[in-house]
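Q: Hey, got a minute to walk me through this one? I'd like the overall picture and then some helix packing.

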Amino acid sequence: MLSFVVRRIFQSIPLLLLISMILFGIISQAPGGPLTPYLQNPHITEADIARLKHNLGLDQPVPIQYLHWLWQVVRGDFGYSTSNSESVMQAILDRLPFTLELMVTAIGVALIVGVCFGILSAIKQYSWVDFTITTLAFFGQSMPVFWFALMVQLAFSVNGFTCCGYHIALPSAGHSSGEDSGFGDRIVHLILPAAVLSVLYLAQFSRFMRSSMLEVIHSDYIRTASAKGLTRFNVVMRHAFRNALIPLVTIIALTIPDLVGGAIVTERIFAWGGMGSLFIDALGQFDFALLMGFMCLSAVFVVLSNLAADVCYAWLDPRVKYT
Amino acid sequence: MAVAINDDAFEVSRNTVWRRFRRHPMALAGAIAIVLMALFAAFGHFIYPVDPNAIDQVNWTGYPLAPGIGGHILGSDENGRDLLARLIAGAQVSLTVAVFAVVMQIVIGSCLGAVAGYYGGWVDFWIMRLTDVVLSIPLLPVLLVLTAIVSATSNKASLSFGVIVVLIGSLTWPPAARLVRASFLSLREREFTEAARAIGSGDARIIFRHLLPNAIAPIIVQATLAVANVILLESVLSFLGFGIQPPQASWGNMLANAQTNITIAPWVAICPGLCILIVSLSINYLGDGLRDAIDPNQR
């Protein structure tokens with residue numbers, strides 16, 4: 001087990017190096033490079049630009065620049081973000097809590113509701129409950145997220161709606177009303193973006209849970225459990241549910257990278273100001289170091305969560321062998 | 001022609017496929033909706049011959065026109081351009097991009113997967129490592145960076161859908177490659193492969209004439225579902241301003257400015273999104289029905 005994990009970690013190092021090389025190669029093709037913000041400044045002469053280029057090592061060939069960047073990263077320094085005027089690490093650490101707040105809420109809600117929906121529609125297969133849930137899942141899967149966000153804003157935020165005699169208009173932008181706003185205010189701001197995001201994840205989770213549950217329910221040991229005379233609740237919850245959860249590990253692992261990458265589109269529409277907005281702002285100015293940092297961080301999480309999924313899978317299901 | 005399914009070595013005739021497919025009313029409805037949308041894209045501008053980029057200078061006052069004003073059936077967008085004509089133009093762009101990107105993705109994926117699965121050994125090892133690398137690249141951020149670089153280095157107008165097709169196609173092929181490789185691993189051990197080799201067929205002939213037709217069922221399903229994903233991906237890129245560039249209409253970039261006017265002109269925001277939803281929903285239903293019909297083991 002331990003040797004399997006260690007070997008997989010060592011295997012993922014060349015993978016990550018290769019990915020970072022490709023990403024660096026792509027970004028270094030950007031016109032102007034990291035000096036783009038200075039090019040528009042009339043107080044900075046061409047001589048200054050040339051000097052800055054030389055100081056930052058931008059006049060050197062791309063492979064040398066890459067090695068330079070890699071050496072910095074190995075020492076824990078992701079460079080200086082030109083669009084935020086602070087270190088990349090600082091910029092990311094400033095925004096990460098907001099993204100985590102949004103994503104953990106959305107994925108958490110989607111996971112709980114999705115698992116329940118999946119079980120319901122599996123044990124009531126072909127009933128109207130199953131039909132409704134499956135239809136909803138199809139809609140969630142096919143929904144263009146930015147449009148769904150706009151429609152939700154239109155319905156609940158632009159004109160507001162009336163509920164229990166109160167007129168409610170939920171906030172459509174930002175993560176709070178101000179620096180020192182209270183807990184309630186932040187919750188209210190969280191409702192719409194988290195709802196939009198969780199519907200998308202919900203669709204995935206419930207479809208996956210349904211098919212996994214169906215597979216388990218038709219297996220021999222479930223028939224045995226029923227034949228022993230256990231109640232339907234016991235059969236479903238104690239025997240089927242636990243085993244049906246195992247394949248879910250894979251799909252949960254696929255969503256972990258989103259925790260740091262954020263939802264670029266949803267964050268943009270709700271002006272959330274997390275990692276997604278950070279990335280789009282950096283892209284507009286070709287903020288070299290920040291783009292590199294963001295994408296490498298995402299790639300690291302993709303690779304690590306795949307590894308975690310494999311390990312968990314083998315640990316939960318004794319039939320799976322480590323290879 | 002018969003389609004053999006994975007390991008079970010039982011053959012399914014076309015009639016069986018059609019009978020299984022008919023059991024899915026939603027898949028049938030999806031297929032009909034897709035055909036209608038394709039007709040709308042292909043012939044819409046003959047029935048409704050309005051220039052999608054022309055600004056209505058008579059009626060336009062700086063705000064979107066309401067449906068019906070000045071002969072605009074669905075009104076106009078915030079620049080006074082006819083909304084229905086732009087929906088037709090957008091349908092052409094979005095559907096073409098999706099179809100070509102998926103063709104590219106499937107061709108790359110199938111070839112690499114076929115070679116990896118057929119030859120095995122170190123060829124397989126390196127192709128699969130390449131697949132791992134492409135799979136681990138964060139798709140949306142990298143696509144955004146690539147399109148941003150292409151549009152900054154060339155002049156804006158040249159970021160046509162050709163570039164987007166190539167970028168999307170060359171980053172989304174790994175699932176197809178894995179799928180084809182998996183079927184090839186078992187197909188290459190079967191008797192008919194042995195027989196083909198015994199009568200002296202070359203590798204290329206065995207791969208393309210004997211193995212690929214037998215691995216086609218999961219590829220068709222994968223391709224169908226991929227169309228929906230690519231339509232969503234293209235619309236997201238265009239919405240963020242990094243995809244199809246204005247004035248060329250696409251369903252995604254028609255929504256880019258809709259947010260600012262959403263209080264006074266919700267229909268400008270509703271129509272393009274509804275088109276995307278209808279198409280991708282239909283394709284998802286169709287793909288699901290197809291999977292049940294031609295490849296029941298996949299479920």
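A: Sure, we can go through the chains, then the packing inside one of them, then where they touch.

Q: What kind of model is it?
A: It's a predicted model.

Q: OK, start with chain A. How many helices and strands does chain A have?
A: Chain A has 14 helices and four strands.

Q: And what box do the C-alpha atoms of chain A fill?
A: Roughly 85 × 60 × 35 Å along the principal axes.

Q: What share of chain A is buried?
A: Out of 323 residues in chain A, 35% are buried.

Q: Same round for chain B, please. What elements does chain B have?
A: There are 12 helices and two strands in chain B. Reading from the N terminus, they go β-β-α-α-α-α-α-α-α-α-α-α-α-α.

Q: How about the box and the buried share for chain B?
A: The C-alpha box of chain B is roughly 75 × 45 × 30 Å along the principal axes. Of the 299 residues in chain B, 43% are buried.

Q: What fraction of the contacts in chain B join residues at least 24 apart?
A: For chain B it's 71%, counting contacts between residues at least 6 apart in sequence. The figure for chain A, counted between residues at least 6 apart, is 71% as well.

Q: Let's switch to packing inside chain A. At what angle do helix 8 and helix 10 of chain A pack?
A: Helix 8 (residues 183-217) of chain A and helix 10 (residues 232-245) of chain A pack at about 130°, and their axes are 9 Å apart. That angle is why helix 8 of chain A counts as oblique to helix 10 of chain A.

Q: Is the crossing of those two left-handed or right-handed?
A: Right-handed, for helix 8 of chain A passing helix 10 of chain A.

Q: Which residues meet there?
A: On helix 8 of chain A you've got M209(A), S212(A), M213(A), V216(A) and I217(A), and they meet A240(A), N243(A) and A244(A) of helix 10 of chain A. By class, this contact between helix 8 and helix 10 of chain A has six nonpolar residues, two polar ones and no charged ones.

Q: Back to chain B for a sec. How many residues of helix 8 of chain B are buried?
A: Zero of its eight: helix 8 (residues 191-198) of chain B is hardly covered. Just after helix 8 of chain B, G200(B) has a positive phi of about 90°.

Q: Now the interface. How many residues of each chain are in contact?
A: On chain B 36 residues are in contact with 37 residues of chain A. The elements giving two or more residues to the chain B side are helix 4 (121-136), helix 5 (139-153), helix 10 (216-239) and helix 12 (266-294) of chain B.

Q: Which one of those gives the largest share?
A: Helix 5 of chain B, with 10 residues.

Q: And what's the side of chain B that touches chain A like by class?
A: That side of chain B has 26 nonpolar, eight polar and two charged residues.

Q: Got a helix pair that packs across the two chains?
A: Yes, helix 7 (residues 145-158) of chain A packs with helix 12 of chain B at about 140°, with the axes 10 Å apart. The crossing of helix 7 of chain A and helix 12 of chain B is left-handed.

Q: Which residues make that contact?
A: W147(A), L150(A) and L154(A) come from helix 7 of chain A, while P266(B), A269(B), G273(B) and I276(B) come from helix 12 of chain B. The residues of this contact between helix 7 of chain A and helix 12 of chain B are six nonpolar, one polar and no charged.

Key. Residues numbered from 1 in each chain as written. Chains lettered and ligands numbered in written order. Predicted model: local features only at pLDDT ≥ 70, side-chain atom pairs only at ≥ 80, totals over all residues. Contact = placed C-beta atoms within 7 Å. Nonpolar A, V, L, I, M, F, W, Y, C, P; charged D, E, K, R; others polar. Buried ≥ 20, exposed ≤ 12 C-beta atoms within 10 Å, placed from the backbone. Axes fitted to C-alpha atoms, helices over the stretch in contact; angles between N-to-C directions. Parallel < 35°, antiparallel > 145°, perpendicular 65-115°, else oblique. Left-handed = near helix turned anticlockwise from the far one by under 90°.
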